[in-house]
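The following exercises concern the disulfides of a protein and the surroundings of one residue. Please work through each task before reading its solution.

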Amino acid sequence: MLITRSLPAHLHPCLLRLLLLAVAALSEIVPVARGDVGTASHYSPPYQPTECYGGDPSQFPSSNFFAAAGDGVWDNGASCGRQYLVRCISASESGTCVPGRTIQIKIVDYALSTTSAVAASTQSAPGATLVMSQTAFGAIANSSVASINVEFQQ
């Protein structure tokens, strides 16, 4: 025979608050993925022309944090102009990622384009989810590596 006992009504809000505090504290200790995970490589200038904006120099944000989208992000060109928050989560060499650094990038090109400046021959590693400008890549990771694993969110 199962005997159930309910808590006094005044304890319910206290337990709920305690549970919420425990979850909040745990999320600070255990990293929680909040976006998609992929790879990022980098490419060097010249950055024009691009698939999204051709030779228009105003396409680039003043921070120079921009990227070309790989197939998983490209969305038949609909990703042009989208902004993503990107952070390095790991790499083949320890100490590569800049801890706690997240940047905002703008998509300006298609990584698999054969006619734009991001042609495969200028990329540090082929097949990346995001091919970032040298400035953007260097802001979140050591630029001496060819590729990193990233978390990104629109």
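**Exercise 1.** Determine the pattern that the disulfides of the protein follow.

*Solution.* The model is a predicted one. Counting the bonded cysteines along the chain gives the pattern 1-2, 3-4. The structure holds 2 disulfides. One of them joins C52 to C80, with an S to S distance of 2.0 Å. This pair links distant parts of the chain, 28 residues apart: C52 lies in the loop between β1 (36–43) and β2 (66–69), and C80 in the loop between α2 (71–74) and β3. C88 and C97 also form a disulfide, and their sulfur atoms are 1.9 Å apart.

**Exercise 2.** Establish the handedness of the disulfide of C52 and C80, and state whether each of these cysteines is buried or partly exposed.

*Solution.* The torsion about the S-S bond is about -80°, so the disulfide of C52 and C80 is left-handed. Buried means under 20% relative accessible area. C52 has 18% and is therefore buried, whereas C80, at 25% relative accessibility, counts as partly exposed.

**Exercise 3.** Repeat the handedness step for C88 and C97, and classify C88.

*Solution.* Here the S-S torsion of C88 and C97 is about -50°, so this disulfide is left-handed. C88 is buried because its relative accessible area is 8%.

**Exercise 4.** Describe the setting of S90.

*Solution.* First, S90 is found in strand β3 (residues 83–90). Next, its relative accessibility is 30%, so S90 counts as partly exposed. Finally, leaving aside neighbours within four places in sequence, S90 is in contact with C97, I148 and N149.

Technical notes:
Residues are numbered from 1 along each chain as its sequence is written. This is a predicted model: local features need pLDDT of at least 70, side-chain atom pairs count only at pLDDT 80 or more; totals for chains, interfaces and linings use all residues. Side-chain values use heavy atoms; hydrogens and water are left out. Helices (H or I, at least four residues) and strands (E, at least two) are DSSP runs, numbered from the N terminus. Buried means under 20% relative accessible area, exposed over 50%, partly exposed in between (1.4 Å probe, protein chains only). Contact means heavy atoms within 4.5 Å. A disulfide is a pair of cysteine sulfur atoms within 2.5 Å.
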